[in-house]
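Work through the exercises below with the sequence and the model open. Each task is followed by a solution in steps.

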Amino acid sequence: MKIWRFIDTGARSAAENMTLDQVLLECRAKRLIPDTIHLLRFKPSSVLVGYHQNVEHEVRLNYVIEKGIDVNRRITGGGAIYFDESSIGWEIIALKSSIPPYKSIEELFEMMSKGVIEALKLLGVQASFRLKNDVEVNGKKISGTGGTEYEDAFLFQGTLLVNFDVETMIKALRIPIVKLKDKELNSIKERITCLKWELGYEPNYEEIKKVLKLGFEKALKVKLEYGNLTKEEETLFHEKLPWFSSKNWIFLDRGASKEAALVYSIAKKPGGIIQVSLALDEEAKFIKSIFITGDFFVFPSQAIYDLESRLKFTSCDESEIKEVIFNFFKERKVKMPKISPEDIVDAILEAIDKISYKNFGFTNEEINHIYPVTKNAKNVLLGECEFLLLPYCAKHLACKYRKVEGCVKCGMCSVGKAYELAEEIGITPLTIQNFEHLIDVLEAMKKSGCKGFIGCCEAFYQKHREDLEKFGIPALLIDIDDRTCYDLDKQKEAYKGNFEAQTKLKLDILFKIAKLLQRRLANA
Ligand code: SF4
């Protein structure tokens with residue numbers, strides 16, 4: 001039986017651990033060390049971005065600095081991860097010739113993940129490999145994995161969550177989630193698990209270390225012998241540590257075009273609301289990560305998480321997305337009452353299409369405050385716009401027009417400015433006083449052959465998209481600032497026009513749209 005080394009380098013800073021990854025990999029390629037299983041931990045807790053990621057884009061730097069969380073860059077690709085002090089890193093550093101041949105990356109990932117699956121079994125946790133790179137327990141991720149290579153050696157690594165701090169992870173990472181309302185937070189918690197949640201207690205580190213050793217021995221059919229870092233490794237470690245501690249390494253700018261664009265969409269279907277949050281690689285045009293959330297039912301219950309996993313690294317091409325989703329539904333016999341695979345495809349394509357709004361000069365952030373109604377919504381920006389519908393809740397609380405349509409542009413609230421903008425570009429501003437009023441206005445617009453309109457707000461849109469779509473008038477709905485009646489659970493009052501709080505229109509986006517329309521109309 002082959003003998004491999006088993007080392008535990010203890011709890012270290014992110015820079016030290018990232019340095020060790022490079023050192024071990026290089027030393028193995030140079031035949032300075034044997035094939036090795038490496039255990040590591042982080043102190044302080046750390047956020048690690050993938051090699052190709054942009055720190056500012058992936059990490060909430062103010063928060064992590066305030067909390068004393070380390071930030072660093074992995075030598076492996078993939079997404080940003082949060083490593084709390086209880087989590088354990090496991091790594092396989094070996095020559096490619098040391099492992100059995102494999103047919104695909106998926107097969108390699110599965111083979112490399114077997115050690116941790118065996119270890120979990122020894123602890124009494126039944127885990128399995130999930131495409132593309134996770135180890136899961138009942139549909140919940142307990143270990144994410146990834147790897148890289150150097151000459152003819154490779155490093156394959158994973159995390160084992162022991163007593164995971166989900167709240168801190170959510171605050172530290174810019175996870176592509178629509179809005180951090182309680183439901184979405186819970187839906188992240190439903191996707192992750194850790195040893196403490198599975199076992200009801202937190203096993204001590206030595207116990208976990210013992211089962212990991214046994215697990216890797218069984219999975220790789222090798223004998224592991226305890227060892228330490230060699231002199232060569234220590235020397236190289238001290239040589240390389242300054243680089244892995246430097247801002248140049250951590251904030252390595254790989255170009256704005258490689259940044260992930262976060263885009264969202266919301267679709268209301270008879271079976272419930274589908275919210276899609278996507279991180280896209282704009283240059284290579286593929287999905288970096290995706291969350292599909294909503295109040296729908298799905299059987300088997302973990303199917304959506306597996307689908308998210310399957311969609312990772314899928315190209316943004318419509319036919320490819322369709323193929324992945326339709327095959328997944330068929331293969332896994334997924335059932336979503338009153339939601340079809342096509343509905344999921346549409347929601348994803350709608351989120352991807354948000355990127356095209358950047359061609360009109362909107363920023364990444366702005367495109368997610370714009371919600372299209374009908375497939376022709378973009379025509380509004382091409383000049384097909386006749387009305388600006390504004391919510392009465394944005395009017396000043398003391399305004400005499402608060403409960404009636406109209407505004408004399410006194411300057412006391414954002415509605416006056418929006419009226420001015422609308423008049424400047426020759427479209428009709430109207431304030432919508434309640435739900436019935438909206439329906440009356442839409443009916444009148446439809447009758448007059450209205451080509452399109454701009455409206456506010458997104459929360460209303462989410463609730464009444466079907467009503468809006470029914471009229472078939474292309475529209476762009478813009479978010480409003482501050483908390484809406486929906487956030488405050490006052491939709492019944494708002495429905496009747498009795499919501500007593502003042503919201504604020506996003507005038508910056510309205511201003512941009514007005515400029516676009518002005519140019520279109522001038523060129524017409
Ligand atoms: S700007 Fe218009 S809506 Fe706002 S307080 Fe003045 S009159 Fe009322």
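pLDDT is the predictor's confidence in each residue, from 0 to 100. The structure is a predicted model, in which local features need pLDDT of at least 70 and side-chain atom pairs count only at pLDDT 80 or more, while totals for chains, interfaces and linings use all residues. Residues are numbered from 1 along each chain as its sequence is written, and side-chain values use heavy atoms, with hydrogens and water left out.

**Exercise 1. Confidence**

Task: find which element has the lowest mean pLDDT and which the highest, and locate stretches under 50.

Solution. Begin with the whole protein chain: its mean pLDDT is 86, and 89% of its residues reach 70 or more. Next, go through the elements; helices (H or I, at least four residues) and strands (E, at least two) are DSSP runs, numbered from the N terminus. Helix α6 (residues 182-189) has the lowest mean, 58, and strand β2 (residues 36-42) the highest, 98. Then look for the weak stretches, counting as a contact heavy atoms within 4.5 Å. Residues 177-184 stay under 50, and the model gives them 16 contacts beyond four places in sequence. Residues 485-489 also stay under 50, with 13 such contacts. Where pLDDT is low, the predicted coordinates should not be read in detail.

**Exercise 2. Packing of α1 and α9**

Task: describe how helix α1 packs with helix α9.

Solution. Take the geometry first. Axes are lines fitted to C-alpha atoms, for helices over the stretch in contact, and angles run from 0 to 180 degrees between N-to-C directions. Helix α1 (residues 14-29) and helix α9 (residues 231-245) have axes 8 Å apart, at an angle of about 130°. Therefore α1 is oblique to α9; angles under 35 degrees count as roughly parallel, over 145 as roughly antiparallel, 65 to 115 as roughly perpendicular and the rest as oblique.

Now list the residues. From α1 the contact takes A15, E16, M18, T19, L20, Q22, V23, L24, E26 and C27, and from α9 E233, L236, F237, K240, L241, F244 and S245. Sorted by class, the contact of α1 with α9 has 10 nonpolar, three polar and four charged residues. Here Ala, Val, Leu, Ile, Met, Phe, Trp, Tyr, Cys and Pro count as nonpolar, Asp, Glu, Lys and Arg as charged, and the others, Gly among them, as polar.

**Exercise 3. Packing around α12**

Task: work out how α12 crosses α13 and α11.

Solution. The axes of α12 (residues 318-331) and α13 (residues 341-353) come within 10 Å and cross at roughly 150°. Therefore α12 is roughly antiparallel to α13. Their contact includes I321, I325 and F329 of α12 and I344, I348 and I352 of α13. It divides into 10 nonpolar, no polar and three charged residues.

For α11 (residues 303-311) and α12, the axes come within 11 Å and cross at roughly 140°. A303, D306, L307, R310 and L311 in α11 meet V324, I325, F328, F329 and E331 in α12. This contact of α11 with α12 has seven nonpolar, no polar and three charged residues.

**Exercise 4. Backbone details**

Task: place the cis peptide bond and the positive phi of a residue that is not a glycine.

Solution. The cis bond joins K43 and P44, with omega about 0°. P44 sits in the loop between β2 and β3 (46-49). The positive phi, about 50°, belongs to E151, in the loop between β9 (140-150) and β10 (153-160).
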